[in-house]
Amino acid sequence: MPWIVGVSGASGTPYAAAVLRALLDAGEDVDLVVSRASRLTLLDETGISFRDAHWREDLRDWLARGADGKPDTYQPDLGRVRYWNAGDLAAGPSSGSYPVKGMLIVPASTSCVAGVALGLSKDLLQRAASVTLKERRPLVVAVRETPLNGQTLRQLVALDEAGASVVPASPAFYAGATHIQDLVDFVAGRVLDAAGVGHGLYRRWKGELGGGAQDK
């Protein structure tokens with residue numbers, strides 16, 4: 001069974017790329033939903049135009065880039081990826097009878113958070129998230145916004161109460177980060193931790209002070 005990965009329009013496409021690469025490296029199948037708003041963010045942050053007719057080519061170009069934008073940093077294998085158009089409300093993930101392990105929304109915009117919390121299902125990403133909640137499957141929401149107003153905070157509490165894991169895109173520094181990719185990978189790793197997917201994206205805390213400094 002696959003993991004659904006939804007990419008919303010918030011800034012933070014490198015987070016999504018890191019999560020997708022790690023899922024594929026772990027041998028997981030992925031059902032990918034890229035919102036229309038996220039295509040604009042992807043174009044702005046990477047220069048990549050994500051096209052339905054050429055999604056595999058564009059996805060490979062995207063996942064091959066590091067967080068610093070350098071091309072051909074990674075060699076992703078897309079054999080386990082299935083792509084669904086965000087406007088296709090008849091797609092597999094729109095139904096609870098479609099078997100999946102759960103869903104990761106990374107990054108999650110405040111608009112996406114509101115839509116899922118209110119059950120709007122305005123596109124496949126929101127619909128798949130609503131289905132994930134009603135079927136009591138794991139839903140991880142990697143919200144990427146600052147500052148957060150009271151309305152969004154209340155919506156995040158509603159998602160938590162509905163069973164979702166809210167993971168702010170907040171990198172830590174105890175893991176010995178020396179590069180922007182290290183900070184991105186920490187957030188991606190915490191998203192995968194919340195989903196219960198194994199990875200080696202960051203140095204875990206072992207109760208020893210100074211460990212991060214020793215890695216530099």
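**Figure 1. Accessible surface and overall dimensions of the predicted protein chain.** In this predicted model, the protein chain exposes about 10100 Å², of which carbon and sulfur atoms supply 49%. Buried residues account for 50% of the 216 residues. The C-alpha atoms occupy a box of roughly 50 × 40 × 30 Å along the principal axes. The radius of gyration is 17 Å, in agreement with the value near 17 Å for a compact globule of 216 residues. Among contacts with a separation of 6 or more, 70% join residues that lie 24 or more positions apart. The chain carries 23 positive and 24 negative charges, and the mean positions of the two sets are 3 Å apart.

**Figure 2. Order of the secondary structure elements.** The protein chain contains eight helices and six strands. Read along the sequence, these elements follow the pattern β-α-β-α-α-β-β-α-α-β-α-β-α-α. The close-up views below take up individual residues, helix α5 and two cis peptide bonds.

**Figure 3. Surroundings of Gln181 in helix α7.** Gln181 belongs to helix α7, which spans residues 180-195. With a relative accessibility of 8%, Gln181 counts as buried. Its side chain reaches the backbone nitrogen of Ala67 at a distance of 2.6 Å. Residues up to four places away in sequence being left out, Gln181 touches Ala18, Arg21, Gly66, Ala67 and Tyr74. Ala67 thus appears both in this list of touching residues and as the backbone partner of the Gln181 side chain.

**Figure 4. Val34 in strand β2.** Strand β2 comprises residues 30-34 and includes Val34. The relative accessibility of Val34 is 1%, and the residue therefore counts as buried. Beyond its neighbours within four places in sequence, Val34 is in contact with Val7, Arg39, Phe50, Tyr83, Trp84 and Ala86. The C-alpha atom of Val34 is 17 Å from that of Leu120, and the two residues are 86 positions apart in sequence.

**Figure 5. Leu120 and Ser121 in the loop between α4 and α5.** Leu120 is placed in the loop that joins α4 (110-118) to α5 (124-134). A relative accessible area of 53% makes Leu120 exposed. When neighbours within four places in sequence are set aside, Leu120 contacts Gly115 and Gln126. Gln126 is one of the buried residues of α5. Leu120 and Asp68 are 52 residues apart in sequence, and their C-alpha atoms are separated by 35 Å. Ser121 lies in the loop between α4 and α5 as well. In contrast to the exposed Leu120, Ser121 counts as buried at 19% relative accessibility, because the limit for a buried residue is under 20%. The phi angle of Ser121 is near 55 degrees, a positive value in a residue other than glycine.

**Figure 6. Helix α5 and its two ends.** Nine of the eleven residues of α5 are buried, so the helix is largely enclosed by the rest of the structure. The buried residues are Leu124, Leu125, Gln126, Ala128, Ala129, Ser130, Val131, Thr132 and Leu133. At the start of the helix, a side-chain oxygen of Asp123 comes to within 3.3 Å of the backbone nitrogen of Leu125. After the helix comes Arg136, with a positive phi near 60 degrees. Arg136 is situated in the loop between α5 and β5. This residue is exposed, with a relative accessible area of 69%. As with Ser121, for which phi is near 55 degrees, the positive phi of Arg136 occurs in a residue other than glycine.

**Figure 7. Two cis peptide bonds preceding proline.** The peptide bond from Val106 to Pro107 is cis, with omega near -10 degrees. Pro107 is part of strand β4, which covers residues 102-108. A cis peptide bond is also found from Thr146 to Pro147, again with omega near -10 degrees. Pro147 is located in the loop between β5 (139-143) and α6 (150-161). The two views accordingly show one proline in a strand and one in a loop.

Conventions. Residues are numbered from 1 along each chain as its sequence is written. This is a predicted model: local features need pLDDT of at least 70, side-chain atom pairs count only at pLDDT 80 or more; totals for chains, interfaces and linings use all residues. Side-chain values use heavy atoms; hydrogens and water are left out. Helices (H or I, at least four residues) and strands (E, at least two) are DSSP runs, numbered from the N terminus. The radius of gyration is taken over C-alpha atoms; the globule rule is 2.2 Å times the number of residues to the power 0.38. Buried means under 20% relative accessible area, exposed over 50%, partly exposed in between (1.4 Å probe, protein chains only). Contact means heavy atoms within 4.5 Å. Accessible areas come from the Shrake-Rupley method with a 1.4 Å probe; for residues, only the protein chains shown count as cover. Lys and Arg count as positive and Asp and Glu as negative; His and the chain ends are not counted. The place of a charge is taken as NZ of Lys, CZ of Arg, CG of Asp or CD of Glu. A polar contact is a pair of N or O atoms within 3.5 Å; within protein, one must be able to donate a hydrogen and the other to accept it, and residues adjacent in sequence count only if both atoms are side-chain atoms.
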